[in-house]
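Q: I'm new to reading models like this one. Could you walk me through it, one feature at a time?

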Number of protein chains: 2
Amino acid sequence: MTEPALATLTRLRTACSQCNLRELCLPMGLSADELQTLDNLVSTRRKVRRGDSLFYGGEPFSALYAVRYGFFKSTLTSGDGREQVTGFYMAGELLGMDGIGGDRHTCTLTALEDSEVCVMPFARVEDLSRNFEPLQRHFHRVLSREIVRDQGVMMLLGSMRAEERLAAFLVNLSQRLTARGFSASEFVLRMTRDEIGSYLGMKLETVSRLFSRFQEDALIEVHQKHVRILDIGGLKRVMAQAQSAP
Amino acid sequence: MTEPALATLTRLRTACSQCNLRELCLPMGLSADELQTLDNLVSTRRKVRRGDSLFYGGEPFSALYAVRYGFFKSTLTSGDGREQVTGFYMAGELLGMDGIGGDRHTCTLTALEDSEVCVMPFARVEDLSRNFEPLQRHFHRVLSREIVRDQGVMMLLGSMRAEERLAAFLVNLSQRLTARGFSASEFVLRMTRDEIGSYLGMKLETVSRLFSRFQEDALIEVHQKHVRILDIGGLKRVMAQAQSAP
DNA sequence: CGTAATTTTGACTCCGCTCAATTGGCGTGG
DNA sequence: CCACGCCAATTGAGCGGAGTCAAAATTACG
C-alpha cells in the first residue's frame, strides 16, 4: 500500500463523515459535501482509562469532547469538599460545555470504563459555526438540551421521593441505551451505588435498599451491577406516583 | 419637534447601545460602532404584569428575552402535575434558552412583579452571531453559564441540608442584587415561602421555620417579605458546614 | 372593610440517614 | 488453584430532620 493511500485511510477512519455515531453528534440530513466540511471539527482522539479523568474542575477550558465509546461521570466539588455527581455520559454525548462560560472547567469528568473521546478544539467549533449554519443550529440545540436535562434533574431532586428518583433514573438509562442500539431491559451499571446515590441525592444504603425493594416487587432483577428490567410500565408508575389528594 | 427627530429619539431609547443594562446583557469592551450593530437584536419590548406569564411550557419557541426590570420565576411541570420552581431571574438575565433545543419551551416563565423584557427573535440572534464574533462568544458564554448555574442547584439539592440550602439561597440573592447596584443587606423577597421551598426542595413550613431560626441566631431579620442580612459571614458558615469528621 | 391568601407556630409522624455487621466479588500473590 | 485482602453491596436497628396536619396570626387585595 502506498504512503498516500495509507494516509487517506487513516483520515477516513477519524473523519466524522465516516463515523457511525454521527447521527448522535452532528446535525442530520446533510449532504455528503456538507458532512465533509465538518471533518475538521475533530483534531484528535483521546483514550481515557477507567478511573482516569478527561479534565478536572478548575482546569483551563480549550475543547469540547464527544464520547466515542465508554462511560463517564461528571462531578462537582463544593467549597467545603463535598462531591456531587452531576451527570452520566455515554457514546454520542458531548462533554465540557460547562467550561465555555468561564474559560475553565467547573466540573471533573472521569471515565467509569475504558473510553475514547473525539477532541474538538473550541475555537474550531466557533469558527465552523459561524460559517456553517446547520452546525451553529445544532450546537445551540445541544447546549440548550443540556440546560433542559439539568432542569429535569432539578425537578427530580427537588420534588420526588427516593423511590421515584431511582425509578426515573432506571427508565432514563434504559431509554438512552435503547437509542444506542443496546438492550432496553438488560444492562450493566457502570457506576457504584455510591455514585448513583450522589447523583440522585440519597445515600448508597438507600439505593441498595430500593434496588432490593424493586426486586421484591418484581419490577427489576439485580445482581450487583447487572440489572434486568422486568416491568418498565411499573417503574414508570412508581416514578409518577404523585401523593394523591383525598 | 419634527417627526424624524421624534422617531430617532424613540429608536435611541430602545437601542441596546443606549441601555444602562448593557454590561449585563451584552459583550463588554465593544467600540461604539460595534455596539450599534447589536441594536438590531431586540425587536420590541414587552411588559408582563405581575402574575402573568411570558411564555408557557409547551409553547413554540421563537425568541429569547432579556429582563429589563422586574422579577421572574421559571417553573417546570412534571407529567403527573407536580410543579417545581427551577429558577429566579432579575434585570439583565436571559430567559427562554430552554426552548432552543426542542423548538418549544419546556418551562413556564411567570412575572413575580410588574416587569419588562426585551424580545430578541432567535433567528436574529443566530444571524448576528454568525456575522459578529463577539456576540457569538458572548452568547455561548451565557448558555454555558446557565448550565453551570443549574449544576450549582443540583449540588444544592443533592448534597446540602435544608438550612444550608436556605443560607446559600440568601447569599446568592444578596450577591446578585449587589451586582445590580441594590443593597446587599436589605431587600424585599418577590416570591412566596412556597416558591422558595419549591426551588430549594423543601416545604414552605420548613422555609418559614428556618427563617425564624436564622433570626433567633441573629443572622438575619425577617418581617414577612422584608429581609435584612445581619451577618453574611455567618450565613456563609451555615451554608458550608460540612458534617465534620471526629 | 371584609375575605382570601400567606405566614407562623405547634404536635406528631415517617422517610431516609447513621452506625454497624455481614456477605459477596474480584484481583493478587503465595 | 486457593487464600487472602480489599472494596462494593446488602441488610438490620435506631434515630433525627423534614414532612404532614392543623390552627392561629398577619397581611394583601378587590
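**How the two copies meet**

A: Sure, let's begin with the two protein chains. Of the interface residues of chain B, 100% are also interface residues in chain A, so the copies meet through the same surface. Keep in mind as we go that this is a predicted model.

Q: What turn and shift lay chain B on chain A?

A: The idea is to superpose one copy on the other and read off the movement. Here a turn of 180° with a shift of 0.0 Å along the axis lays chain B on chain A, and the RMSD is 0.0 Å. That is the relation of a two-fold axis.

Q: Which residue of chain B comes closest to the rotation axis?

A: That's Arg130(B), with its C-alpha at 2.1 Å from the axis.

**Reading the DNA contacts**

Q: Now the DNA. Which residues are closest to DNA strand C?

A: To find a surface like this, you look for residues with a heavy atom within 4 Å of the strand. For DNA strand C there are 17 of them, and the closest are Ala162(A), Thr206(A), Arg193(B), Ser208(B) and Ser212(B). On the DNA side, sugar and phosphate make up 65% of the strand C atoms that come within 4 Å of the protein.

Q: What classes of residue are on the surface near DNA strand C?

A: You'll find 8 charged, 6 polar and 3 nonpolar residues there. Helix H8 (204-216) of chain A and helix H8 (204-216) of chain B each supply at least two residues of this surface. The largest share, 5 residues, comes from H8(B).

Q: Which atoms of DNA strand C do the arginines pair with?

A: Check whether the DNA atom belongs to a phosphate or a base. Arg193(B) has a side-chain N or O atom 2.8 Å from a phosphate oxygen of DNA strand C. Arg209(A) puts a polar side-chain atom 3.0 Å from a base oxygen of that strand, and a side-chain N or O atom of Arg209(B) is 3.0 Å from a base nitrogen.

Q: How many residues surround DNA strand D?

A: There are 19, and the closest are Arg193(A), Ser208(A), Arg209(A), Ser212(A) and Thr206(B). For this strand, the largest share of the surface, 5 residues, comes from H8(A). Lys225(A) has a side-chain N or O atom 3.0 Å from a phosphate oxygen of DNA strand D, while Lys203(B) has a polar backbone atom 3.2 Å from a phosphate oxygen. Arg209(B) turns up here too, with a polar side-chain atom 2.9 Å from a base oxygen of DNA strand D.

**Strands and a loop**

Q: How do E8(A) and E9(A) pair?

A: For paired strands, check the direction and then the turn. Strand E8 (residues 220-223) and strand E9 (residues 226-229) of chain A pair in the antiparallel sense over 4 bridges. One of the bridge pairs joins Ile220(A) to Ile229(A). The two strands form a hairpin with 2 residues between them, and Gln224(A) in the turn has a positive phi of about 55°.

Q: Where do the side chains of strand E8 of chain A point?

A: They alternate: Ile220(A) and Val222(A) point to one face and are buried, whereas Glu221(A) and His223(A) point to the other and are not.

Q: Last one: is His105(A) buried or exposed?

A: The cut-off for buried is under 20% relative accessible area. His105(A) has 3% relative accessibility, so it counts as buried. His105(A) sits in the loop between strand E5 (94-95) and strand E6 (108-121) of chain A. Leaving aside neighbours within four places in sequence, its contacts include Phe55(A), Tyr56(A), Pro60(A) and Asp98(A).

Notes
Residues are numbered from 1 along each chain as its sequence is written. Chains are lettered from A and ligands numbered from 1 in the order in which they are written. This is a predicted model: local features need pLDDT of at least 70, side-chain atom pairs count only at pLDDT 80 or more; totals for chains, interfaces and linings use all residues. Side-chain values use heavy atoms; hydrogens and water are left out. A polar contact is a pair of N or O atoms within 3.5 Å; within protein, one must be able to donate a hydrogen and the other to accept it, and residues adjacent in sequence count only if both atoms are side-chain atoms. Ala, Val, Leu, Ile, Met, Phe, Trp, Tyr, Cys and Pro count as nonpolar, Asp, Glu, Lys and Arg as charged, and the others, Gly among them, as polar. Copies are superposed by least squares on the C-alpha atoms of residues with pLDDT of at least 70 in both. Contact means heavy atoms within 4.5 Å. Buried means under 20% relative accessible area, exposed over 50%, partly exposed in between (1.4 Å probe, protein chains only). Two strands pair if DSSP finds at least two bridges between them.
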